[in-house]
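Student: Could we go through this structure together? I would like to see how each label is earned.
Tutor: Gladly; let us put it on the screen.

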Amino acid sequence: MNEIIAPDRLAPAKGFSHGVKAGDTVYLGGQTALTKDGVIVDGGVVDQFRQALSNVLETLREAGGRPEDLVTLTIYLTDVDDYMAHGREIGAVWQEMVGKRYPAMAGIGVSQLWQKEAVVEIQGVAVIQSR
């Protein structure tokens, strides 16, 4: 039976699951920069990347995983050029929150995300390793 992952520290999921754990694999639903209060954080792509990644990692922790368990991430962006222009800052956020290991990743430009104020959304898959 698959386990629905619903962290208390995130805004309640409506119409989707923050994560689904199937065996040792965790499917991490797309996360934008939504706060627990249901508001997209102010600021640009760096601040939104930080919050979206934080939401992904919170879901992973709730499932019993760690950042090093990430296998793949897909980052959806409404402005690829803006993301690339802030690459160093985003890289610093990544290293602060995850470390120096990188999963397989893709960045995809899109015209709009679910919340119109959102400029970045992250989804992924993790495989929780035996420790």
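Tutor: Let us begin with a definition: buried means under 20% relative accessible area, exposed means over 50%, and partly exposed lies in between, with a 1.4 Å probe and protein chains only. Please keep in mind that this is a predicted model, where local features need pLDDT of at least 70, side-chain atom pairs count only at pLDDT 80 or more, and totals for chains, interfaces and linings use all residues. Residues are numbered from 1 along each chain as its sequence is written, and side-chain values use heavy atoms, leaving out hydrogens and water.

Student: Why does Phe-49 count as buried?
Tutor: Its relative accessibility is 2%, and the cut-off is under 20%, so Phe-49 counts as buried.

Student: What makes Phe-49 and Tyr-83 an aromatic pair, and of which kind?
Tutor: Rings of Phe, Tyr and Trp (its six-membered ring) pair if their centres lie within 6.5 Å; planes under 30 degrees apart count as stacked, over 60 as edge-to-face and the rest as tilted. The search of the whole structure finds two such pairs. For Phe-49 and Tyr-83 the centres are 6.2 Å apart and the planes meet at 65 degrees, so the pair is edge-to-face.

Student: Why do you say that this pair ties together parts of the chain?
Tutor: Helices (H or I, at least four residues) and strands (E, at least two) are DSSP runs, numbered from the N terminus. Phe-49 lies in helix α1 (residues 45-62) and Tyr-83 in helix α2 (residues 80-85), so the pair ties together parts that are 34 residues apart in sequence. Tyr-83 has a relative accessible area of 18%, so Tyr-83 is buried.

Student: What kind of aromatic pair do Trp-94 and Tyr-102 form?
Tutor: A stacked one, with 5.5 Å from centre to centre and 10 degrees between the planes. Trp-94 is buried at 2% relative accessibility, whereas Tyr-102, at 47%, is partly exposed.

Student: How do you know that Glu-58 and Arg-9 form a salt bridge?
Tutor: A salt bridge is a side-chain nitrogen of Lys or Arg within 4 Å of a carboxyl oxygen of Asp or Glu. The closest N and O atoms of Glu-58 and Arg-9 are 3.7 Å apart, so the pair qualifies. Glu-58 lies in helix α1 and Arg-9 in the loop between β1 (3-5) and β2 (19-22), so the pair ties together parts that are 49 residues apart in sequence.

Student: Are these two partners buried or exposed?
Tutor: Glu-58 counts as buried at 11% relative accessibility, while Arg-9 counts as exposed at 63%. Arg-9 and Glu-58 are also linked with Arg-61 in a network of salt bridges.

Student: What links Glu-96 to Arg-50?
Tutor: Their side chains meet in a salt bridge, at 2.8 Å from N to O. This pair links distant parts of the chain, with Glu-96 in helix α3 (residues 87-97) and Arg-50 in helix α1, 46 residues apart. Glu-96 is exposed at 56%, and Arg-50 is partly exposed at 32%.

Student: How do you know that the span of α1 agrees with what is expected?
Tutor: The expected span of a helix is 1.5 Å times one less than its number of residues. For the 18 residues of α1 that gives 26 Å, and the end C-alpha atoms are 25 Å apart, which agrees.
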